[in-house]
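Reader: I am new to this structure and would like a close look at a single part of it, the nonpolar patch on the surface. Please begin with the chain as a whole, so that I can place that part within it.

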Amino acid sequence: MIATEVGRIRARRRSESSTSICLNPIHGAAALLLGVLVAAALRNILFKINPLGPTVYFVLAGLLTVVAAASYFVPARRATLVDPVQALRAE
């Protein structure tokens, strides 16, 4: 019975990861296309900055990476400050 459950879990994880692997490049290409379209629309607002330049994309990617790291780090840091005994008693 346990082997059947393990096999079922592995099969589900394989199908989910293959779906994710297939969809990530598609989502990335769609995001890049959307970024180019928005940059072209904002060309009149941005002064002396090429919105399609690689510098803008690298700065934006860095900014999004910092925000994503903070969104993971802050809750994890708060969770480590909680006493495990109190957390178990609360449940």
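Author: In this predicted model, the protein chain holds three helices and zero strands, and its elements, read from the N terminus on, follow the order α-α-α. Of the 91 residues in the protein chain, 3% count as buried, while the area that the chain exposes comes to about 8200 Å², with carbon and sulfur atoms supplying 70% of it.

Before turning to the patch, it helps to know how confident the prediction is. The average pLDDT of the protein chain is 77, and 75% of the residues score at least 70; among the elements, confidence is lowest in α1, where the mean is 73, and highest in α2, where it is 85.

The part you ask about is a nonpolar patch on the surface, formed by L34, V38, L42, I45, L46, I49 and V56, which together have about 570 Å² of accessible area. One of these residues, L42, has its place in the loop between α1, which spans 2-41, and α2, which spans 54-80. L42 has a relative accessible area of 35%, and because this value falls between the limits of 20% for buried and 50% for exposed, the residue counts as partly exposed.

A useful residue to set beside the patch is L37, which lies in helix α1. With a relative accessible area of 52%, L37 is classed as exposed, because exposed means over 50%. Taken from C-alpha to C-alpha, L37 and L52 are 9.6 Å apart in space, although 15 residues separate them in sequence.

Key
Residues numbered from 1 in each chain as written. Predicted model: local features only at pLDDT ≥ 70, side-chain atom pairs only at ≥ 80, totals over all residues. Heavy atoms only, no water. Patch = residues over 30% accessible without salt bridge, like charges linked within 9 Å, V, L, I, M, F, W, Y side chains within 5 Å. Areas by Shrake-Rupley, 256 points an atom, 1.4 Å probe, with all protein chains shown as cover. Salt bridge = Lys/Arg side-chain N within 4 Å of Asp/Glu carboxyl O. Helix = DSSP H or I, 4+ residues; strand = E, 2+ residues; numbered from the N terminus. Buried < 20%, exposed > 50% of the residue type's maximum accessible area, 1.4 Å probe, protein only. pLDDT = per-residue confidence, 0-100.
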